[in-house]
Amino acid sequence: MKILLAVDGSQYTQRMLAYLAAHPELLGPTGEFTALTVVTAVPPHVTGYIDRASLQKYYDDQAEEVLKTVRGFAAERQWKPTFVTKVGNAADTIAATAKEGQYDLVMMGSHGHSPLSSLVMGSVTSRVLGHCATPVLIVR
């Protein structure tokens, strides 16, 4: 099975990783998985004032802040995931990556907002579910 783990560094990412660790049958002996974090793009009107190297360093630093926990968790279990960082809208990027990479499953943690708060604040999980043809496993 080929699994895309959508990670944001939150406690919900930790729960998702714990779920994966508790269910090794998801990976099986030949399974592979990719940990994807999506960094929100700096608005274009701001990027004109930042040199490319500084902007890239900002994106890399933001991604590594999220991925370092996942790297540690994976190393403790001797997992060898692929780590991917992309810049853009999280939900759209997760759905597009799942399709482009022909993943069998997307796993993500959910904050468990009520329907009203999801409507008001938006929900990455809801948008992924709405835009992703790949099955999505949500861990709360």
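A residue counts as exposed when its relative accessible area is over 50%, as buried when that area is under 20%, and as partly exposed in between. Keep those cut-offs at hand for this tour of a predicted model.

**Start with the whole chain**

Show the protein chain as a cartoon and follow its six helices and five strands. Going from the N terminus, you will pass them in the order β-α-β-α-α-β-α-β-α-α-β. Now switch to the C-alpha trace, which spans about 50 × 35 × 25 Å along its principal axes. How does the radius of gyration fit a compact globule? The chain has 15 Å, which agrees with the value near 14 Å for a compact globule of 140 residues.

Next, turn on the surface. About 8,200 Å² is accessible, and 54% of that belongs to carbon and sulfur atoms. Of the 140 residues, 38% count as buried. If you display contacts between residues at least 6 apart in sequence, 76% of them join residues at least 24 apart.

**Select lysine 86 and glutamate 100**

The structure holds six salt bridges, and we will visit some of them. Lysine 86 and glutamate 100 form one, with their closest N and O atoms 3.9 Å apart. This pair links distant parts of the chain: lysine 86 lies in strand 3 (residues 82-87) and glutamate 100 in helix 4 (residues 90-100), 14 residues apart. Is glutamate 100 buried or exposed? Its relative accessible area is 61%, so glutamate 100 is exposed. Lysine 86, at 26%, is partly exposed.

**Select arginine 127 and aspartate 92**

Stay with helix 4 and pick aspartate 92, which forms a salt bridge with arginine 127; here the closest N and O atoms are 2.7 Å apart. Arginine 127 sits in helix 6 (residues 124-131), and the two partners, 35 residues apart, again link distant parts of the chain. Both are partly exposed: arginine 127 has a relative accessible area of 36%, and aspartate 92 has 34%.

**Select glutamate 76 and arginine 77**

The side chains of glutamate 76 and arginine 77 meet in another salt bridge, at 3.1 Å from N to O. Glutamate 76 counts as exposed because its relative accessibility is 63%, while arginine 77, at 32%, is partly exposed.

**Finish with the charges**

Finally, colour the charged residues across the chain. There are 12 positive and 12 negative charges, and their mean positions are 2 Å apart.

Notes:
Residues are numbered from 1 along each chain as its sequence is written. This is a predicted model: local features need pLDDT of at least 70, side-chain atom pairs count only at pLDDT 80 or more; totals for chains, interfaces and linings use all residues. Side-chain values use heavy atoms; hydrogens and water are left out. A salt bridge is a side-chain nitrogen of Lys or Arg within 4 Å of a carboxyl oxygen of Asp or Glu. Buried means under 20% relative accessible area, exposed over 50%, partly exposed in between (1.4 Å probe, protein chains only). Helices (H or I, at least four residues) and strands (E, at least two) are DSSP runs, numbered from the N terminus. The radius of gyration is taken over C-alpha atoms; the globule rule is 2.2 Å times the number of residues to the power 0.38. Contact means heavy atoms within 4.5 Å. Accessible areas come from the Shrake-Rupley method with a 1.4 Å probe; for residues, only the protein chains shown count as cover. Lys and Arg count as positive and Asp and Glu as negative; His and the chain ends are not counted. The place of a charge is taken as NZ of Lys, CZ of Arg, CG of Asp or CD of Glu.
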